[in-house]
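Work through the exercises below with the sequence and the structure side by side. Try each task before reading its solution.

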Amino acid sequence: MSQSCLKLTAYFGERQRAVADRQRHGFLADAMLDLFGARDVATSVMLRGIASFGPRHVLRSDESLSLSEDPPMAIAAVDVELKIRELVDDVIAMTARGLVTLERAQLLSRADAIRDAGSRDAAKLTIYVGRQERVDGIRAHYAVCELLYRHGFAGAAVFLGVDGTAHGRRYRARFFSRNVNVPQMIIGIGTPAQVSAAAAELAAVVPHPLLTVERVRLCKRDGELFARPQQLPATDDRGRTLWQKLMVHTTEATTHDGSPIHRALVRRLLQSKTANGATVLRGIWGFHGDHKPHGDKLFQLTRHVPVTTIIVDTPDSIARSFDIVDELTANHGLVTSEMVPAVLPIDGSPRRGGTRLANFDY
Amino acid sequence: MTAAVWVGVLLAGGIGSVLRFLVDRAVARWAARSFPFGTLTVNISGAALLGLISGLALSRDAALLADTAFIGSYTTFSTWMLETQRLGEERQTWSAAANIVISVALGLAAAVLGQWVTGRL
């Protein structure tokens, strides 16, 4: 059965501590996952990013040793609307600085037809599987990418989680462990028909599938511009702020002016002063365009893994940031845009957004 | 060597490494480029400082504290190498080569300049 769900995503710096109350004194990331574990959240995953900046325009990057001391974190949690709504206030209360977003998603369990199958827009299929789970004898993430590639998806990327919950159980990566069930997140972009077919097949082959589907717009692929992000008004008809998200899928191998696209993109967005933030996640396996799924090898001089740059901002800023994205992805990359119904930037100062979900039919 | 010198090495080394972290981070954030300007700044300023101190006729213990402990922990060879490797890994071959050449050239010049300055005093 397919259910209407919410996806909560939090972006912040790894070394940040949870706002102290009587129980919590540790790192914010741990406190958040403790909360998700205690509330049996259907699926959540903690991802460690490689570069980011926020509204204060302070760069975090793994390029320099000193700047990689406090890497960016992205934590996503998906469950039925009621459960996520109950969590939001706690997540906000423990966060001193960061960005919390809420998005609508459809959680699929078994062989559901997805909604909006006839829509002109594209769809984003997210699959959560354990690190060592196997499908037909091979590691699940290889099998899933192969399957998405076969279905003609525009792209897919696998992100390694370091902590998370699956089907309500907490799985945290440890150094001396096979980490069988520690979740990985696989994001695939395809047409609604492709997503529908792939979801049905995945539900049949993956032992305990956790799949979500979201509506996105395919803006660019391998340099070809299909559509700019939707031009959304600043608020919906009830005055709730609308937000947008751009996801730029590139690889370490695609460069712009001699440096990888994601490095150039973060630098340009940071210099632009109009973008309020961006986070870069490095995947371990994936593809976009017509290349077969690829990743790093044991012996290599240069990296081949996929990289995704996430930009969440107001519709105005997204329109300006898209010009920069468009310029840097002149030959490579997969760019999608989507509406984000609720965003809350947290930084002590007066808060602009809110967690009331906006509604806008575009 | 007395216990006081050992403690001195610990402290001077600690201060040097904290100073490097602060300088490196400040420069890297300010520059916001792929090229590791933070590490370059630390290594060049360290080389100049070492040239300067080596020109002074310090006692053995004072030289140990200033050179080996303080400058030794302030400058970094390993980070220079690691960041060069990371540049290469991300296909920024020119930046990687420049990082080696510029560091060596400026570093030598800084050390010579430091010594020249103390020679004039």
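## Exercise 1: a loop residue in chain A

D222(A) sits in the loop that links β14 (211-221) to β15 (224-225) of chain A. The model is predicted.

**Task.** Find the sign of phi at D222(A), and decide whether D222(A) is buried, partly exposed or exposed.

**Solution.**
- Step 1. Read phi: D222(A) has a value near 50°, which is positive, and the residue is not glycine.
- Step 2. Set this against the usual case. Most residues other than glycine have a negative phi.
- Step 3. Count neighbours. D222(A) has 16 other C-beta atoms within 10 Å, so it is partly exposed. Buried would need 20 or more, and exposed 12 or fewer.

## Exercise 2: a second loop residue

**Task.** Place K273(A) between its flanking elements, then judge whether K273(A) is buried or exposed.

**Solution.**
- Step 1. Locate it: K273(A) belongs to the loop between α5 (261-272) and β19 (278-282) of chain A.
- Step 2. Check the backbone. Phi of K273(A) is positive, about 65°, although the residue is not a glycine.
- Step 3. Count again. K273(A) has 8 C-beta neighbours inside 10 Å, and therefore counts as exposed.

## Exercise 3: two helices of chain A

**Task.** Describe the geometry of α2(A), residues 81-94. Then say what the buried residues of α2(A) and α1(A) pack against.

**Solution.**
- Step 1. Take the length. α2(A) has 14 residues and reaches 21 Å from first C-alpha to last, close to the 20 Å expected at 1.5 Å a residue.
- Step 2. Look for a bend: α2(A) has a kink of about 30°, centred on L87(A).
- Step 3. List the buried residues of α2(A). They are I84(A), V91(A) and M94(A).
- Step 4. Find their partners. The buried residues of α2(A) pack against β1 (3-13), α1 (28-38), β5 (72-80) and β6 (97-108) of chain A.
- Step 5. Turn to α1(A). Its buried residues include L28(A), A29(A), M32(A) and F36(A).
- Step 6. Find partners here too. The buried residues of α1(A) pack against β1, β2 (43-48), β5, α2, β11 (163-166) and β12 (169-172) of chain A.
- Step 7. Read past the helix end. D40(A) follows α1(A), with a positive phi near 55°.

## Exercise 4: the nonpolar cores

**Task.** Which members of the largest nonpolar core touch the most other members? What does I75(A) contact beyond four places in sequence?

**Solution.**
- Step 1. Rank the members. The largest core has 105 residues, and M32(A), I75(A) and V144(A) touch the most other members.
- Step 2. Take I75(A). Beyond four places in sequence, I75(A) contacts T9(A), A10(A), A29(A), M32(A), S44(A) and M46(A).
- Step 3. Look for a separate core. Another one, of 12 residues, lies apart and includes L50(B), A69(B), Y74(B) and A110(B).
- Step 4. Follow Y74(B). This residue lies in helix α3 (residues 60-74) of chain B. Y74(B) has 24 C-beta neighbours inside 10 Å, so it counts as buried.
- Step 5. List its contacts. Leaving aside neighbours within four places, Y74(B) touches G16(B), L19(B), R20(B), V42(B) and G46(B).

## Exercise 5: the two chains

**Task.** Give the secondary structure of chain A and of chain B. How compact is chain A for its length?

**Solution.**
- Step 1. Count elements. Chain A has 6 helices and 24 strands.
- Step 2. Test the radius of gyration. Chain A gives 19 Å, close to the 21 Å from the globule rule for 362 residues, so it is as compact as a globular protein of that length.
- Step 3. Add the burial: 50% of the 362 residues in chain A are buried.
- Step 4. Do the count for chain B. It has 5 helices and 0 strands. Of its 121 residues, 31% count as buried.

## Exercise 6: the interface

**Task.** How many residues of each chain are in contact across the interface, and which element of chain B gives the most?

**Solution.**
- Step 1. Count both sides. 20 residues of chain B contact 18 residues of chain A.
- Step 2. Assign the side of chain B that touches chain A. The elements giving two or more residues are α1 (3-31), α2 (37-55) and α4 (77-89) of chain B.
- Step 3. Pick the main contributor. α4(B) gives the most, with 6 residues.
- Step 4. Sort by type. That side of chain B has 6 nonpolar, 6 polar and 8 charged residues.

Methods: Residues are numbered from 1 along each chain as its sequence is written. Chains are lettered from A and ligands numbered from 1 in the order in which they are written. This is a predicted model: local features need pLDDT of at least 70, side-chain atom pairs count only at pLDDT 80 or more; totals for chains, interfaces and linings use all residues. Two residues are in contact if their C-beta atoms, placed from the backbone, lie within 7 Å. Helices (H or I, at least four residues) and strands (E, at least two) are DSSP runs, numbered from the N terminus. Ala, Val, Leu, Ile, Met, Phe, Trp, Tyr, Cys and Pro count as nonpolar, Asp, Glu, Lys and Arg as charged, and the others, Gly among them, as polar. The expected span of a helix is 1.5 Å times one less than its number of residues. The bend at a residue is the angle between axes fitted to the seven residues ending there and the seven starting there. A nonpolar core is a set of buried Ala, Val, Leu, Ile, Met, Phe, Trp, Tyr and Cys residues joined through C-beta atoms within 7 Å. The radius of gyration is taken over C-alpha atoms; the globule rule is 2.2 Å times the number of residues to the power 0.38.
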